[in-house]
Amino acid sequence: MQSEVLNPHRIARIQFDRAASLIDTPQGWGGMDEWLFQPEQTLMVTIPVVMDDGVVRTFRGYRVIHNTVRGPGKGGIRFHPAVNEDEVRALATWMTWKCAVVGVPFGGAKGGVCCDPTTLSTDERRRITRRFIAALGDNIGPHTDIPAPDPYTDSQTMAWIYDTYSMMHPGRNTLPVVTGKPLDIGGIVGRTTATGRGVFLATRHFLEIGGLPGLESLESAAVAIQGFGNAGRHSAAFFAEAGARIVAVSDTRGTVVNGSGIDVAAVIAHKDETGAVAGAPGTETMPPEAALEADCDILIPAAMENQITAANADSVKARLVVEAANGPTTPAADRILAGRGVAVLPDILANAGGVVVSYFEWVQNLQNEEWDEDRVEQGLAKRMRRATESVVERLATLPAPTGGEPGPDLRVAATARAVERTRATAEERGVWP
């Protein structure tokens with residue numbers, strides 16, 4: 001039996017090829033697909049850092065700019081032991097499509113440092129960050145490539161990035177070089193909750209426009225969330241506030257369940273106090289993977305890539321999977337879920353709230369303004385509604401399946417819409433020189 005494809009960059013290619021095959025190619029532009037898929041720039045840097053014990057350790061850092069046809073590169077920087085070139089290339093690719101789906105004038109980029117942040121002190125993380133940004137030099141910039149937070153980086157990390165770049169470029173407005181900054185240094189209200197809010201807004205509107213027959217609203221819908229970092233915890237809070245019943249949440253140490261509904265605020269407080277959701281009051285603790293198999297209407301994978309695979313897709317009981325993480329569902333799992341009638345609201349749509357509000361922060365910094373909460377929330381809601389409708393409408397136009405193959409799904413529709421928009425911009429600009 002052939003092994004399942006789990007390499008993120010190969011998965012991104014499979015998704016791209018499937019969508020591109022359904023798009024009409026203009027005469028004379030037959031080679032455009034390769035141009036649109038291949039990254040424009042891949043940087044790998046060596047980062048020597050003096051640790052707290054005085055020993056020098058060497059880390060590997062990456063930054064990939066995938067495509068700048070529609071605007072400067074945009075994408076997070078993550079600290080994680082699994083960071084590697086193929087992962088960063090895939091994440092940058094998905095960022096290009098994400099920006100195109102929600103209509104913000106950025107291309108995709110991504111970066112990361114291969115390290116275990118859970119073992120690092122604050123000073124060590126600061127040194128790694130500053131040395132990484134110094135190594136990237138002018139490869140990032142307010143009009144070329146703009147980083148943002150990602151797993152195990154936060155507003156403090158972004159403050160270090162801004163300060164490092166600012167020290168290297170005195171006398172300029174360097175605030176727009178990075179988004180997700182603290183409010184005191186040019187950050188924007190709502191950025192911390194933006195990804196979770198976007199997941200909520202996309203899901204709610206998808207149900208409102210009839211995307212899942214038999215489930216027209218979130219009221220009393222059972223929701224399970226795998227991953228309880230920034231995206232997971234804020235998604236849980238927004239869904240609960242809308243009347244949904246959160247029946248399971250998990251992190252790397254365990255899953256807590258309560259079929260009658262979890263007190264989200266209590267779990268957040270317990271996680272902040274103990275570092276884990278396990279043992280939260282009013283819940284039963286189960287293994288980490290139990291969240292993916294919870295009895296629910298909506299499953300929100302909000303952790304890392306390759307969480308729903310051929311090995312466990314048959315165990316997913318949800319009717320709708322909403323991807324708060326990037327790349328959590330493999331192509332093989334997509335086919336299994338589609339065959340079972342499980343809809344998947346893909347990552348390049350569902351979790352785009354973060355890049356939308358990052359765009360707002362970038363504009364705010366360029367114009368030396370300070371946006372208020374209403375402006376941010378209304379702008380985000382408008383873009384998420386419009387993007388969700390666009391993907392659903394594009395799905396309705398895709399050809400019906402033949403030969404027993406599964407039909408086009410929301411991921412294909414979203415990718416097709418994104419590739420079409422990026423290709424159209426490329427055609428209008430032409431190929432330089």
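Tutor: Before we begin, a residue counts as buried when its relative accessible area is under 20%, and please keep in mind that this is a predicted model.

Student: With that cut-off in hand, why is helix H11 called mostly covered?

Tutor: Helix H11 covers residues 353-366, 14 residues altogether, and 13 of those 14 residues are buried, so the description "mostly covered" follows when each is set against the cut-off of under 20%.

Student: What makes Ser358 count as buried?

Tutor: Ser358, which is found in helix H11, has a relative accessibility of 1%, and because buried means under 20%, Ser358 counts as buried. Setting aside residues up to four places away in sequence, Ser358 touches Lys74, Ala148, Thr179 and Arg191.

Student: How do you know that the span of H11 is close to what is expected?

Tutor: From its first C-alpha to its last, H11 reaches 20 Å, and the expected value at 1.5 Å a residue is also 20 Å. Just after this helix comes Asn368, with a positive phi of about 55°.

Student: What happens when helix H7 is put to that test of its span?

Tutor: Helix H7, residues 230-241, has 12 residues that should span 16 Å at 1.5 Å a residue, and because its end C-alpha atoms are 17 Å apart, the value agrees with the expectation. Its buried residues are Ala231, Gly232, Arg233, His234, Ser235, Ala236, Phe238 and Phe239, and among the elements that cover them are helix H6 (194-208) and strand E7 (245-251). Just after H7, Gly243 takes a positive phi of about 100°.

Student: Lys74 was named among the contacts of Ser358; which residue of strand E5 stands opposite Lys74?

Tutor: Lys74 stands opposite Ile146 in E5. Strand E3, residues 73-80, is joined to E5 by 5 bridges, and the two run parallel; since two strands pair if at least two bridges are found between them, E3 and E5 count as paired. E3 is also joined to strand E4 (residues 107-114) by 6 bridges, again parallel, and His80 stands opposite Cys114 there. As for cover, 8 of the 8 residues of E3 are buried.

Student: Why are strands E1 and E5 said to stand at the edges of the sheet?

Tutor: The 5 strands form an open sheet in the order E1-E2-E4-E3-E5, with mixed pairing. E1 (41-50) and E5 (145-149) each have a single partner strand, so one side of each is left without a neighbour in the sheet. From one strand to the next, the twist averages 25°.

Student: How do you describe the crossing of helices H3 and H13?

Tutor: The axes of H3 (residues 85-102) and H13 (residues 410-429) come within 8 Å and cross at roughly 85°. Because 65 to 115 degrees counts as roughly perpendicular, H3 is roughly perpendicular to H13. The residues in contact include Trp97 and Ala100 of H3, together with Ala418 and Arg421 of H13, and by class the contact has 7 nonpolar, 3 polar and 1 charged residues.

Student: Finally, why does Cys296 count as buried?

Tutor: Cys296 lies in the loop between strand E9 (284-286) and strand E10 (298-301), and its relative accessibility of 5% falls under 20%, so Cys296 counts as buried. Although Cys296 and Arg319 are 23 residues apart in sequence, their C-alpha atoms are 7.7 Å apart in space, and Arg319 is one of the residues in contact with Cys296.

Technical notes: Residues are numbered from 1 along each chain as its sequence is written. This is a predicted model: local features need pLDDT of at least 70, side-chain atom pairs count only at pLDDT 80 or more; totals for chains, interfaces and linings use all residues. Side-chain values use heavy atoms; hydrogens and water are left out. Helices (H or I, at least four residues) and strands (E, at least two) are DSSP runs, numbered from the N terminus. Axes are lines fitted to C-alpha atoms, for helices over the stretch in contact, and angles run from 0 to 180 degrees between N-to-C directions. The expected span of a helix is 1.5 Å times one less than its number of residues. Buried means under 20% relative accessible area, exposed over 50%, partly exposed in between (1.4 Å probe, protein chains only). Angles under 35 degrees count as roughly parallel, over 145 as roughly antiparallel, 65 to 115 as roughly perpendicular and the rest as oblique. Contact means heavy atoms within 4.5 Å. Ala, Val, Leu, Ile, Met, Phe, Trp, Tyr, Cys and Pro count as nonpolar, Asp, Glu, Lys and Arg as charged, and the others, Gly among them, as polar.
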